[in-house]
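User: Got a minute to go through this one with me? I'd like to start with the aromatics and then look at some helix packing.

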Amino acid sequence: MNVIQAVKLYITKMTEESGPGMKVILMDKDTTSIVSMVFSQSEILQKEVYLFERIDSHSKWDNMKHMKCIVFLRPTSENISLLCRELRYPKYGVYFIYFSNVISKADIKTLAECDEQETVREVQEVFADYLAVDRHLFSFNIAGCLHGRSWNQHHLQRCAQGILALLLSVKRRAVVRYEAASEPCARLAERVRDLLRREAVLIDNNIPFNGEIPTPQLLIIDRRDDPVTPLLSQWTYQAMVHELLTINNNRVSLAHLPEVHKDFKEVVLSSEQDEFYAKNLYSNFGEIGQTMKSLMDEFQKKAKSHQKVESIADMKHFVEQYPLFKKMSGTVTKHVTVVGELSACVTRHNLLEVSELEQEIACQSDHSKHLQRLKNLLSNAAVRHHDAAKLVGLYALRYEKHASNALPSLIEALKNRGVSEQLIKSVINLLEYGGAHARQSDLFGLQDAVKITKRLFKGLNGVENIYTQHTPLLKDTLEDLIKGKLRENLYPTMGGDDGAYGRRPQDIFVFIVGGATYEEALCVHQINQTYSGVRIVLGGTTVHNSTSFFEEVKAAMQGVHRTHTRHIRNV
């Protein structure tokens with residue numbers, strides 16, 4: 001169940017079915033992202049696609065009747081009308097039209113009526129309607145999917161259609177389970193179930209039924225159940241880059257750095273196109289330093305061998321090797337720049353100290369010690385306001401019900417250090433969004449005897465790395481699901497009874513309403529490695545870092561009256 005492979009197959013199919021010859025690809029904003037996540041421009045060029053056009057751009061090209069046009073769009077009403085305009089006055093010789101999801105018969109009829117010059121050769125549905133971020137991770141790039149705790153209807157429809165496309169693209173039928181305590185999860189589960197029923201014929205034609213294996217399960221869960229994971233500082237390469245520099249559609253902007261070479265103002269980090277990145281996605285920051293050193297050594301050896309060009313044979317060898325050398329040089333420079341900036345951030349903002357306290361608050365309970373250390377960090381000028389607000393947010397979640405809760409005085413301390421009103425409000429919003437009243441699960445392991453014992457043992461043995469002792473709640477949920485222990489009353493199946501409960505699923509799709517994180521993607525990767533025969537794909541409305549998560553919370557709490565933080569008067 002490799003989602004990158006699934007999307008690549010569809011795009012390769014589109015470029016091959018139009019036959020040999022010069023091609024242009026016409027896309028919309030969403031499909032441009034979908035394609036760029038899995039193919040680099042040079043890879044697409046090798047498929048004879050020489051021009052990339054947006055359907056919503058009004059560029060005035062001359063007639064290009066010698067070129068074939070591959071159209072790849074989401075089947076939205078806006079795209080249909082833009083495509084109608086294109087077909088009435090066609091710029092290209094022939095059109096091969098592919099929609100990224102199911103298209104209605106009425107829309108096909110509209111397009112047929114516009115195709116007066118009969119330039120359309122093909123209309124097909126391909127189910128590449130999601131962003132394949134990693135082999136086991138997909139996203140819809142929707143920030144702020146909820147408004148006032150209920151779905152934005154456009155986003156709800158987008159997610160349901162995307163999940164249908166995902167199941168069709170990896171050829172799996174699935175039963176839908178959802179978090180019972182969450183209204184948004186129930187709404188999405190209903191919408192997905194309705195789509196699966198409506199498209200039953202399509203599913204039967206595309207996905208062979210196999211009674212031998214347990215039915216795959218789609219589990220829809222709510223970000224509110226674990227508001228801690230997106231707040232933590234990260235120490236594995238991919239997650240750390242996203243937290244400190246932000247990864248946007250596999251691209252990282254370094255334009256804010258002084259003296260960065262113009263070629264590296266924006267760099268692409270893609271596990272499909274960058275071997276070093278693929279190997280080190282999940283390496284922790286300490287290991288990255290070592291790996292960088294060996295990469296540099298190897299590069300220097302190559303550079304030395306290139307200096308000795310004496311004979312014709314040497315020249316021939318040099319010319320043959322040069323493209324690889326150039327590529328390696330680019331890779332080295334890119335990662336040295338990125339790792340250098342991460343390292344500077346860690347030193348500049350005291351992130352080791354900040355992260356240590358974050359992890360301790362998330363994983364252990366020791367109120368007076370945590371409060372004292374938190375106050376010390378708040379008075380340290382090197383700590384960023386954003387990190388200060390994160391720490392107070394974590395404290396607020398952990399010690400919400402504690403007898404000597406000191407949240408009002410910590411809010412005061414944030415004000416005194418000049419933290420913006422908006423950030424302080426984020427802390428309050430966080431408690432309203434993901435406080436004890438909003439969570440179905442035992443996030444901090446306070447009620448569950450097994451969890452308490454686990455914590456005690458962990459405390460006795462010590463942890464191998466204080467910066468990565470936290471494990472996301474998702475890990476427990478998935479392990480329960482794999483073992484067939486996920487309780488039916490907490491995670492019911494949409495559409496009533498199904499014989500799948502007792503049987504342990506092998507193929508699992510998890511979708512987090514409110515966004516997933518790279519730490520959870522790492523957790524899914526580890527479970528896939530540990531349990532043989534189990535394949536899990538994780539998805540989310542978006543992939544968060546702490547900054548985007550604060551924005552998500554703000555959108556979700558818009559217009560919602562404060563009910564659980566009224567006692568905090570000074571905000």
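User: Is Phe138 buried or exposed?
Analyst: This is a predicted model, and in it Phe138 has 2% relative accessibility, so Phe138 counts as buried.

User: What about Phe511, buried or exposed?
Analyst: Phe511 is buried, because its relative accessibility is 0%.

User: How are the rings of Phe138 and Phe511 arranged?
Analyst: Their centres are 6.1 Å apart and the planes sit at 20°, under the 30 degrees cut-off, so the pair is stacked. The pair links distant parts of the chain, with Phe138 in strand β7 and Phe511 in strand β15, 373 residues apart.

User: Which aromatic cluster is Phe138 in?
Analyst: Phe138 and Phe511 form one aromatic cluster with Tyr130 and Phe140.

User: How many aromatic pairs are there in the whole structure?
Analyst: The search finds 10. One of them is Tyr92 with Tyr95, edge-to-face at 6.1 Å centre to centre and 70° between the planes. Tyr92 and Tyr95 are both buried.

User: OK, switching to helices. How many residues of α19 are buried?
Analyst: Helix α19 covers residues 473-482, and 7 of its 10 residues are buried. Among them are Leu473, Thr477 and Glu479.

User: And how do α19 and α20 cross?
Analyst: Their axes come within 10 Å and cross at roughly 30°, which means α19 is roughly parallel to α20. The crossing is right-handed.

User: Which residues make the contact?
Analyst: From α19, Leu474, Lys475, Leu478 and Ile482; from α20, Glu520, Cys523, Val524 and Ile527. They divide into 6 nonpolar, no polar and 2 charged.

Notes: Residues numbered from 1 in each chain as written. Predicted model: local features only at pLDDT ≥ 70, side-chain atom pairs only at ≥ 80, totals over all residues. Heavy atoms only, no water. Buried < 20%, exposed > 50% of the residue type's maximum accessible area, 1.4 Å probe, protein only. Helix = DSSP H or I, 4+ residues; strand = E, 2+ residues; numbered from the N terminus. Axes fitted to C-alpha atoms, helices over the stretch in contact; angles between N-to-C directions. Parallel < 35°, antiparallel > 145°, perpendicular 65-115°, else oblique. Left-handed = near helix turned anticlockwise from the far one by under 90°. Contact = heavy atoms within 4.5 Å. Nonpolar A, V, L, I, M, F, W, Y, C, P; charged D, E, K, R; others polar. Phe/Tyr/Trp six-rings, centres within 6.5 Å; stacked < 30°, edge-to-face > 60°.
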